[in-house]
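Student: I'd like to go through this one with you, question by question. Can we put it on screen?

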Amino acid sequence: MKALNYDICVLGAGPAGCAAAIAARRNGAKVLLVDKTGVPGGMSTVGMLNIWCGDAYGSVFEYILEKTTKTVPSGRRIFSPEELKITLINMLTDAGVELLLHSFVCGVKAENGRISEVSVQTKSGEIKISATTFIDCTGDGDVAALCGVPFDK
């Protein structure tokens, strides 16, 4: 079984996961971004939801808006999900974030309230990933749930 080691492993490549991975890499960490789909962006790309509500601030978000959005007559900013895919891939690779796509978390190893390892299922088989820090950016909190964190449905 293949084993990987990183400073930070971000699980889930939606907008929050991409921003977390890019920011961590910009701060010098060795970063792996894992997602179950084949492209980053989550529901914004795979789900083709072309508008974000509210105004978030930060260099990653502002760059994405600058590169992918246009303003419609109502004043809302919308983006092309296809352009967003390309923008996110370019931002991640330019930052030096390593990507592991078509891979979903299937297990965790937690000790003393901290995750020490996650198992991901890939098309090539199971991979064990160890990291100093894991960030759960899965849309449903899958990693937290696997760790036994209580939740309500």
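What follows is a chat about the cores, the cysteines, the pocket and a few single residues of this predicted model.

Student: Okay, which residues have the most contacts inside the largest nonpolar core?

Tutor: That core has 21 residues. Strand 1 (2-11), helix 1 (15-26), strand 2 (31-34), helix 2 (59-68) and helix 3 (81-95) each supply at least two of its residues. The ones with the most contacts inside the core are V10, A21, V31, L33, W52 and L92.

Student: Let's zoom in on V31, then. Is V31 buried or exposed?

Tutor: V31 sits in strand 2. Leaving out neighbours within four places in sequence, V31 is in contact with Y6, I8, V10, A21, A24, R25, V97 and E98. The cut-off for buried is under 20% relative accessible area. V31 has 1% relative accessibility, so V31 counts as buried.

Student: How far apart in space are V31 and V10, C-alpha to C-alpha?

Tutor: V10 is one of the residues that V31 contacts. They are 21 residues apart in sequence, and their C-alpha distance in space is 7.5 Å.

Student: And L92, what is L92 in contact with once you ignore neighbours within four places in sequence?

Tutor: L92 is among the residues with the most contacts inside the largest core. With those sequence neighbours set aside, the partners of L92 are C18, A21, I22, L33, P40, V97 and L99.

Student: How many residues are in the other core?

Tutor: This other core lies apart from the largest one. Its members include V34, L100, I115 and I127. The count for this core is 16 residues.

Student: Moving to cysteines: how many disulfides does the structure hold?

Tutor: Let's check two of the cysteines. C9 is in no disulfide, with the nearest cysteine sulfur, that of C137, 10 Å away. For C106, the closest cysteine sulfur is in C9, at 12 Å, which is too far for a bond. For the structure, the number of disulfides is zero.

Student: Why is C9 classed as buried?

Tutor: Anything under 20% relative accessible area goes into the buried class. C106, by contrast, is partly exposed at 34%. C9 is buried because its relative accessible area is 0%.

Student: Now the largest pocket. Which element gives the most to the lining of the largest pocket?

Tutor: The pocket has a volume of about 470 Å³. Of its 24 lining residues, the closest to the centre are G12, D35, K36, T138 and G139. Two elements, helix 1 and strand 6 (104-111), each supply at least two lining residues. With three residues, the one that gives the most is helix 1.

Student: How many charged residues does the lining of the largest pocket have?

Tutor: Split the lining by class and you get 10 nonpolar and 10 polar residues. The charged ones come to four.

Student: What about T45: buried or exposed?

Tutor: T45 lies in the loop between strand 2 and helix 2. Not counting residues up to four places away in sequence, T45 touches V39, P40, P81, L84 and K85. With a relative accessible area of 2%, T45 is buried.

Student: Which residues does K85 touch, not counting those up to four places away in sequence?

Tutor: K85 is in helix 3, and at 19% relative accessibility K85 counts as buried, the cut-off being under 20%. The C-alpha atoms of K85 and G42 are 9.5 Å apart in space, with their places 43 residues apart in sequence. The residues that K85 touches are V39, P40 and T45.

Student: Backbone next. What is the phi of M48 near?

Tutor: Most residues other than glycine have a negative phi. M48 is in the loop between strand 2 and helix 2, and at 55% relative accessibility M48 counts as exposed. Its phi is positive, near 60°.

Student: Where is H102 found?

Tutor: H102 has a positive phi too, about 55°, although it is not a glycine. At 44% relative accessibility, H102 counts as partly exposed. H102 is found in the loop between strand 5 (98-100) and strand 6.

Student: Last one: what distance separates the C-alpha atoms of G125 and K2?

Tutor: G125 belongs to strand 8 (residues 125-136) and is partly exposed, at 21%. G125 and K2 are 123 residues apart along the chain, yet the separation of their C-alpha atoms is 8.5 Å.

Definitions and conventions:
Residues are numbered from 1 along each chain as its sequence is written. This is a predicted model: local features need pLDDT of at least 70, side-chain atom pairs count only at pLDDT 80 or more; totals for chains, interfaces and linings use all residues. Side-chain values use heavy atoms; hydrogens and water are left out. A nonpolar core is a set of buried Ala, Val, Leu, Ile, Met, Phe, Trp, Tyr and Cys residues joined through side-chain atoms within 4.5 Å. Buried means under 20% relative accessible area, exposed over 50%, partly exposed in between (1.4 Å probe, protein chains only). Helices (H or I, at least four residues) and strands (E, at least two) are DSSP runs, numbered from the N terminus. Contact means heavy atoms within 4.5 Å. A disulfide is a pair of cysteine sulfur atoms within 2.5 Å. On a 1 Å grid over the protein atoms alone, a cavity is a set of points where a 1.4 Å probe fits but cannot get out, and a pocket is an open set with protein on both sides within 12 Å along at least five of seven lines; lining residues have an atom within 4 Å of a point. Grid points are joined across faces, edges and corners, and a volume is the space filled by probe spheres set on the points. Ala, Val, Leu, Ile, Met, Phe, Trp, Tyr, Cys and Pro count as nonpolar, Asp, Glu, Lys and Arg as charged, and the others, Gly among them, as polar.
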